[in-house]
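Biologist: Show me the model, please. Then I will ask what lies behind the labels.

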Amino acid sequence: MNNYKFKWYKESNIFYFVFIVNLILIFTVRFYPSIDGPSHLYNANIISHLVSGNNTPLNDFYILNKIPTPNWLSHFLLSLFIFVFPAWLAEKLLLIIYLTGLVFSFRLLIKELSPDNVGLSIFIFPFAYSFLFYLGFYNYCLSFILLFFSLYYWLGTRDKKGYRKHIVMFLLLTITYFSNILTYAFTGFCLGLFIVAFSISNYLKNQDKWFVIKSTFKELLFLFISAIPSLILFIIFYSNITFSSSDHKYTTDDLFNWIDVVRPLIIYDGSEGKISSQFLHLIIIIVSISVYRRFNNPFKSYFSLINKNDVLLLPILLSLVLLFIVPDGSGAGMMSDRYCIMFYMLLIIWVASQPLNDKIRQLIVLIIVFLHFALLFKHTFGVLKMLDKEAICIYKTSDYIEPNTIVLPVNFSDNWLEPNFFNYLGVDKQIILLQNYEASIGWFPVKWNMEKMPKVLLGNRTTISSLHWLSNTESNKVRKIDYVFLYGNTLMLNDPRWKELKEILISDYKLIYISDNKWIELYKLR
């Protein structure tokens with residue numbers, strides 16, 4: 001027993017060591033650049049000003065979405081932090097909440113499912129840094145905290161009486177809805193399966209059939225009642241939103257390759273597949289050992305071979321099926337990536353709770369730590385630090401922009417990771433950026449205020465070729481664009497495609513700032 005405690009202590013030390021290293025790495029960059037991250041920060045700043053009640057020019061361009069959209073969680077947290085802290089620190093606090101919540105909710109769940117296997121909760125660290133995380137899908141990433149904790153909480157309280165646990169489940173399900181609909185659906189599905197599975201187990205133990213049916217119905221009914229408010233919100237949302245979906249779909253071979261290389265862990269280039277694919281090999285090894293141990297005991301009955309964590313095999317299979325049949329372009333888009341990470345998140349719960357020999361488990365833990373650090377250091381000290389320098393460069397440009405002015409951003413960058421980097425201009429300042437995809441698509445907290453928005457002119461034009469901005473052409477109120485912000489390969493301004501823009505900049509604007517690396521040019525209305 002003492003020897004076992006010593007091993008447990010070592011595994012715990014490894015877990016906390018990895019956790020601390022991960023926290024430290026968050027602070028190695030000022031911003032944590034991603035595709036959508038800058039947009040989330042900018043719109044969180046807008047929210048903080050809109051709810052403060054100050055009547056500023058922002059109110060003429062933005063309003064809060066009246067539809068209960070599912071993407072509120074990260075925006076709520078960021079806007080709350082931005083009330084007090086600068087944007088870079090607000091982002092850090094969100095990332096700390098995400099990392100802490102994810103790894104410890106996963107650890108609690110594994111401890112609940114298989115206490116002896118808590119060391120394998122280390123499996124969550126590499127999957128915390130998925131492709132969608134680096135794209136800035138913070139709400140989807142945060143939703144897994146709620147998935148893990150909801151399962152943990154229900155499993156830990158399923159035998160307890162009283163309404164407290166149902167109130168807590170109501171809160172968890174509602175917050176899950178406000179993070180992501182897909183995770184919300186899978187959370188409810190998993191909880192329902194656990195209720196049915198435990199009822200079948202009770203029946204097999206020769207309990208009274210009608211008592212089992214009654215208790216099962218009661219548990220499912222309480223789960224449904226707990227979910228009613230979020231289900232109503234779900235219906236309101238879907239009845240008011242039209243998704244601009246497409247039929248784009250990956251081939252079956254592509255998706256099989258995604259599974260093989262563990263696509264969610266490939267972020268910037270294909271070379272990561274050499275490392276990420278090793279996680280699938282570890283999963284296969286663990287599953288093989290577990291299956292062998294289960295069926296190698298001749299004294300076990302058929303039903304005793306099934307563990308409570310095997311309930312997860314159905315949602316794992318469902319996520320895999322949906323990955324192959326649902327078009328990538330359906331719904332909110334990038335559905336294949338969403339289902340792929342859902343598949344692996346559910347799979348690692350099941351895998352990490354499989355019974356293993358102590359020595360084998362500890363060896364696997366060390367391998368996971370090595371592979372995780374290999375990927376994390378590659379991303380942090382490779383692409384991420386370079387992106388951070390460019391984010392800071394844009395952020396500092398806001399010093400030359402007056403508050404409550406209108407800025408037209410023009411992206412000349414050929415880096416696919418930087419389409420929304422211009423948002424760093426407005427993360428700590430009240431400015432109107434005329435490109436804001438979140439305000440345009442309808443399922444984020446901020447929307448364009450088309451009723452109050454003025455007619456917005458660049459020079460004397462409402463539109464030019466190769467460049468579009470939002471403007472209420474029916475409005476009698478007219479405002480001119482105060483600044484034009486170019487970033488990327490600014491020499492592209494000399495391309496014939498941008499002839500109209502160049503002519504307007506020469507006639508109506510003056511160049512007031514060029515970054516040292518010539519990557520940014522800022523023009524101000526004369």
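The two speakers now go through the labels one by one.

Modeller: Two ground rules come with this predicted model: local features need pLDDT of at least 70, side-chain atom pairs count only at pLDDT 80 or more, and totals for chains, interfaces and linings use all residues. Residues are numbered from 1 along each chain as its sequence is written, and side-chain values use heavy atoms, with hydrogens and water left out.

Biologist: How many helices and strands does the chain have?

Modeller: The chain has 17 helices and 9 strands. Helices (H or I, at least four residues) and strands (E, at least two) are DSSP runs, numbered from the N terminus.

Biologist: What makes the chain as compact as a globular protein of that length?

Modeller: The radius of gyration is 26 Å, and the globule rule gives 24 Å for 526 residues. The two values are close, so the chain counts as that compact. The radius is taken over C-alpha atoms, and the rule is 2.2 Å times the number of residues to the power 0.38. Along its principal axes, the C-alpha trace spans about 90 × 45 × 45 Å.

Biologist: What share of the residues is buried?

Modeller: Buried residues make up 56% of the 526. Buried means under 20% relative accessible area, exposed over 50%, partly exposed in between (1.4 Å probe, protein chains only).

Biologist: What share of the contacts joins residues at least 24 apart?

Modeller: The figure is 79%, among contacts between residues at least 6 apart in sequence. Contact means heavy atoms within 4.5 Å.

Biologist: Why is the pair of Phe421 and Tyr424 called edge-to-face?

Modeller: Take the definition first. Rings of Phe, Tyr and Trp (its six-membered ring) pair if their centres lie within 6.5 Å; planes under 30 degrees apart count as stacked, over 60 as edge-to-face and the rest as tilted. The structure holds 44 aromatic pairs. Tyr98 and Phe133 form a stacked one, 5.3 Å centre to centre with 15° between the planes. That pair links distant parts of the chain: Tyr98 sits in helix H4 (residues 87-113) and Phe133 in helix H6 (residues 131-135), 35 residues apart. Both Tyr98 and Phe133 are buried. For Phe421 and Tyr424 the ring centres are 5.5 Å apart and the planes stand at 85°, so the pair is edge-to-face.

Biologist: How do you know whether Phe421 is buried or exposed?

Modeller: Its relative accessible area is 0%, so Phe421 is buried. Tyr424 also has 0% relative accessibility and therefore counts as buried.

Biologist: Which residues form one aromatic cluster?

Modeller: Tyr32, Tyr98, Tyr129, Phe133, Tyr134, Tyr138 and Tyr268 form it.

Biologist: Why is Met386 called partly exposed?

Modeller: Its relative accessibility is 34%, so Met386 falls in the partly exposed class. Met386 lies in helix H15 (residues 358-397). Met386 and Val29 are 357 residues apart in sequence, yet 9.5 Å apart in space, C-alpha to C-alpha.

Biologist: What is notable about the phi of Val262?

Modeller: Phi is near 55°, a positive value in a residue other than glycine. Val262 is in the loop between helix H11 (252-261) and helix H12 (273-295). At a relative accessible area of 0%, Val262 is buried. Ser466 also has a positive phi, about 70°, although it is not a glycine. Ser466 is in the loop between strand S5 (455-457) and strand S6 (478-480). With 30% relative accessibility, Ser466 counts as partly exposed.

Biologist: What makes Asn449 count as buried?

Modeller: Its relative accessibility is 6%, so Asn449 goes into the buried class. Asn449 is in the loop between strand S4 (446-448) and S5. Not counting residues up to four places away in sequence, Asn449 touches Asn59, Asp60, Phe61, Tyr62 and Ile63.

Biologist: And Gly136, how do you know its class?

Modeller: Gly136 has 0% relative accessibility, so it counts as buried. Gly136 lies in the loop between H6 and helix H7 (138-157). Leaving aside neighbours within four places in sequence, Gly136 is in contact with Ser34, Asp36, Gly37 and His40. Gly136 and Ser39 are 97 residues apart in sequence and 9.0 Å apart in space, C-alpha to C-alpha.
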